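User: I'm new to reading protein models and keep tripping over the labels. Can we go through some of them together?

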Amino acid sequence: MKIYEFTQAPNPRRVRVFLAEKGINVPYEQVNLFTADNRKPEFLKINPMGGLPVLELDDGTHIAESVAICRYFEEIKPEPRLMGVDAKDKAVVEMWNRRMEFEVLWNIANSFRHTSDFFKGRIPQVKEFGEVSRGAGLKRLEWLDTVLADREFIAGPRYTIADITALIGIDFGRTTGIKVEENQKNLARWYQAVSSRPSAKA
Amino acid sequence: MKIYDFTLAPNPRRLRIFVAEKGLKIPLEQVDIFAGENRTPEMLAKNPAGGLPILELDDGSHLAESVAICRYLEGLHPEPNLMGKDSREQAFIEMWNRRIELGLFAAAGRAFQHTNELFKGRLKQFPEFGATQRETVAQQLQWLDAQIGNKPFIAGDHFTIADITAEVAVDFATQMAGVKLDPALKNLARWHKAVSSRPSAKA
């Protein structure tokens, strides 16, 4: 078993943090995004969508999509629970994870995709769309600050995959000057808490 | 229990098909997106993100995000299984569901939002971006045709949530986002005909 990944990219980090929280060790193999090794024929056989991370199981089959990889490990090693404790909680955690993906991570990622030098030539960039996305991301962080006024973690009283998604999204925001503002007291409290967990260094 | 729904929007349709496949009957209450009813203070209190569908539980609490609602219903009613039984199956189906969401479905949504009259004034439209997204949709349809190959369904040998997402994405792309389905994509056509003739497709 191993995971194909790239240290500096956001989605691989989501899986690394998840596995660190679970106390699971899986070997990592680097695929260089700078030289677009993820778009070469050998890698496209492993993941036809070309993304990272990808989990290679012992029988040689592959699971792509970070949240699908997390789901696999959640099912084989349920404790500590990161994706919900019963039917309703699993849905609540999934709802919040998806909200963090759409509202925070995607806006920040789209901002990077459409304004960064890294993506110049890789995709047709629309700079103004990148800037609108950045603004939307900032607005959603303001909203997240209000959400965290009455709860310790994003989906409620427990640390879950939703916290991991939001943490990675905000950290990736450094690439376009997005960060937690001092006056966002709840968000700052939460950010400090999730960043100081040992898994944040994975 | 009831579902806040809007017949024409794609995400509510994903849930309606899932509910129909499960053989469940959950009352629907229409929320008119064209009239902005999903953004009233009353509706934002139920779902701060403003989207549909929303499931209202018997205790008055709310669940949003179509796939999260599906996950809840799958937990209450495991059969027929639509999201996988063991660890591997769950991961595999989730992978395919996400691939369709992040690829075909998202591109069709963006193409629609950035070129359709209905969205003028709702967000800042970038028509040239919308046009690139239509191209992405066409590429994704080709890709999906190749991936389906001879498989009966998207994620393997039985109908799953990944088929629902793909079915709704293809229909939305062709009916609302102005993309034509190339008849040369024979695997896609075969699969689409099969899923569209299931009773749930009319939900």
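Analyst: Sure, here are some questions and answers about the labels; keep in mind that this is a predicted model.

User: Let's start with Glu65(A). Why does Glu65(A) count as buried?

Analyst: The cut-off for buried is 20 or more other C-beta atoms within 10 Å. Glu65(A) has 26 C-beta neighbours inside 10 Å, so it counts as buried. You'll find Glu65(A) in the loop between E4 and H3 of chain A.

User: And what makes Glu65(B) buried?

Analyst: Run the test again for chain B: Glu65(B) has 26 other C-beta atoms within 10 Å, so it passes the cut-off of 20 and is buried. Glu65(B) sits in the loop between E4 and H3 of chain B. Here's something else to look at: phi of Glu65(B) is near 75°, a positive value in a residue other than glycine. For Glu65(A), phi is near 80°, again positive in a non-glycine residue.

User: Why is helix H3 of chain B called largely enclosed?

Analyst: Count the buried residues. H3(B) covers residues 66-76, and 9 of its 11 residues are buried, so the rest of the structure largely encloses it. Among those buried residues are Val67(B), Ile69(B) and Leu73(B). The cover includes helix H4 (87-115) of chain A, along with H1, E3, E4 and H6 of chain B.

User: How do you know that E3 and E4 of chain B pair up?

Analyst: Two strands pair if there are at least two bridges between them. Strand E3 (residues 54-56) of chain B has 3 bridges to E4(B), so the two pair, and they run antiparallel. If you want a spot to look at, Glu56(B) stands opposite His62(B) in E4(B).

User: Which strands are in the sheet of chain B, and in what order?

Analyst: There are 4 strands in an open sheet, in the order E2-E1-E3-E4, with mixed pairing. What makes E2 (28-30) and E4 (62-64) edge strands is that each has a single partner strand, so one side of each has no neighbour in the sheet. From one strand to the next, the twist averages 25°.

User: Last one: where are the cis peptide bonds at Pro80(A) and Pro80(B)?

Analyst: In chain A, the cis bond joins Glu79(A) and Pro80(A), with omega about -10°. Pro80(A) is placed in the loop between H3 and H4 of chain A. In chain B, the cis bond joins Glu79(B) and Pro80(B), with omega about -10°, and Pro80(B) lies in the loop between H3 and H4 of chain B.

Notes:
Residues are numbered from 1 along each chain as its sequence is written. Chains are lettered from A and ligands numbered from 1 in the order in which they are written. This is a predicted model: local features need pLDDT of at least 70, side-chain atom pairs count only at pLDDT 80 or more; totals for chains, interfaces and linings use all residues. Axes are lines fitted to C-alpha atoms, for helices over the stretch in contact, and angles run from 0 to 180 degrees between N-to-C directions. A residue is buried if 20 or more other C-beta atoms lie within 10 Å of its own, exposed if 12 or fewer, and partly exposed in between; C-beta atoms are placed from the backbone. Two residues are in contact if their C-beta atoms, placed from the backbone, lie within 7 Å.
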